[in-house]
Amino acid sequence: MLLVALASMVAAGGWALHRGPSTDSTGLAEDASPASPSAGAASTAAAVSGAAPPSSAASGQRAHPAVTVRYTFDGGITGQVLDGGGRLPLRVRKAGGELSAVPHGGGLAVRFPEPCEHYGAESCARAILQSGPADFLNPGQGAFTYGASVLVAPDETSKGANVIQKGFSVGDSQFKLQVDGAAGHPSCVIVGTSGPTIYVALASLTVADGRWHRVECSRSDALLTVAVDGQLKGRSTIPSSLSIVNSDPLCIGGKGTSANNDQFVGAIDDVFVTKPA
């Protein structure tokens, strides 16, 4: 996630950073899995950012979807929030924060709590949407895509702001979309079951400009990409054998409701995850 967090981890000897083939690099902070809160294994971050070739917004190799969940929030956020197929309902979870439905594109989007003066403090308002266990969304080694539309103002950026997350980076595996750092650049993150290496595709532009942006993450074989408004804006090479399998829920707007939950600030709409059968 953040350069500041990464720098402090490196100083403590807990991280090793490997730079990809690009001259750009990014820092990130590891998540702690509830199943292994003391896990402190060294992690390696591999990231590539920058403008992309004009060929495709993803990777040019998108499988026909067999399993998709999609949330438009047009039915509001009271009670269960259903995806289009009614397969994976979400519920509001909160700790001092509130969610609200706001107009967007003829329908509704979800507005998350206001910024907190002291990021990660116990007193910060926290609220997310969370499913039950979502094993059927595990992509394994297969190609898959996930993303959302986001609205973030310049003064709503923070050290950590999760849009979508399933799984954790320590003692687990995960996929995640985040808008981290003061600059508000979105990034796609994946971690496999075989080790703690965190792979990041960092977009070369900000989305924290007070306008709606569509952000999409795509994994295809040995490539992870991030697209913004249909244009490929970042990529990272990954092992083709990388597998993502966990029993964790799908979370929107943060990884949980405890302090330092990477609370998203702004509005989210049109969340989706698509994977082959």
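User: What does the accessible surface of the protein come to, and what percentage of it belongs to carbon and sulfur atoms?

Analyst: Accessible areas are obtained by the Shrake-Rupley method with a 1.4 Å probe, and for residues only the protein chains shown count as cover. In this case the accessible surface comes to about 11400 Å², and carbon and sulfur atoms hold 53% of that area. The structure is a predicted model, in which local features need pLDDT of at least 70 and side-chain atom pairs count only at pLDDT 80 or more, while totals for chains, interfaces and linings use all residues. Residues are numbered from 1 along each chain as its sequence is written, and side-chain values use heavy atoms, with hydrogens and water left out.

User: How many helices and strands are in the protein?

Analyst: Helices (H or I, at least four residues) and strands (E, at least two) are DSSP runs, numbered from the N terminus. Here the protein contains one helix and 17 strands.

User: What percentage of the residues is buried?

Analyst: A residue is buried under 20% relative accessible area, exposed over 50%, and partly exposed in between (1.4 Å probe, protein chains only). Of the 277 residues in this protein, 52% are buried.

User: What share of the contacts joins residues 24 or more positions apart?

Analyst: A contact means heavy atoms within 4.5 Å. Among the contacts in the protein with a separation of 6 or more, 70% are between residues 24 or more positions apart.

User: How far apart are Lys 275 and Tyr 146 in sequence and in space?

Analyst: These two residues are 129 positions apart in sequence, and their C-alpha atoms are 8.7 Å apart in space. Lys 275 belongs to strand S17, which covers residues 267-275. Lys 275 is buried, with a relative accessible area of 8%.

User: How many disulfides does the count come to?

Analyst: A disulfide is a covalent bond between the sulfur atoms of two cysteines. The rule applied here requires a pair of cysteine sulfur atoms within 2.5 Å. By this rule there are two disulfides, and they follow the pattern 1-2, 3-4 when bonded cysteines are counted along the chain.

User: Which cysteine is joined to Cys 116?

Analyst: Cys 116 is joined to Cys 124, with an S to S distance of 2.0 Å. The torsion about this S-S bond is about -80 degrees, so the disulfide is left-handed. Cys 116 is partly exposed at 30% relative accessible area, whereas Cys 124 is buried at 8%.

User: Which parts of the protein does the pair Cys 188 and Cys 217 tie together?

Analyst: The two cysteines form a disulfide with an S to S distance of 2.0 Å. Cys 188 lies in strand S11 (residues 185-191) and Cys 217 in strand S13 (residues 212-220), so the bond ties together parts that are 29 residues apart in sequence. The torsion about the S-S bond is about -85 degrees, which means that this disulfide is left-handed. Cys 188 is buried, with a relative accessible area of 0%, and Cys 217 is buried at 0%.

User: Where does Asp 221 lie, and is Asp 221 buried or partly exposed?

Analyst: Asp 221 is in the loop between S13 and strand S14 (223-228). Its relative accessible area of 47% makes Asp 221 partly exposed. Its phi is near 55 degrees, a positive value in a residue other than glycine.

User: What is the phi of Asp 262?

Analyst: Phi of Asp 262 is near 60 degrees, a positive value in a residue other than glycine. Asp 262 is placed in the loop between strand S16 (249-252) and S17. Asp 262 is buried, with a relative accessible area of 2%.
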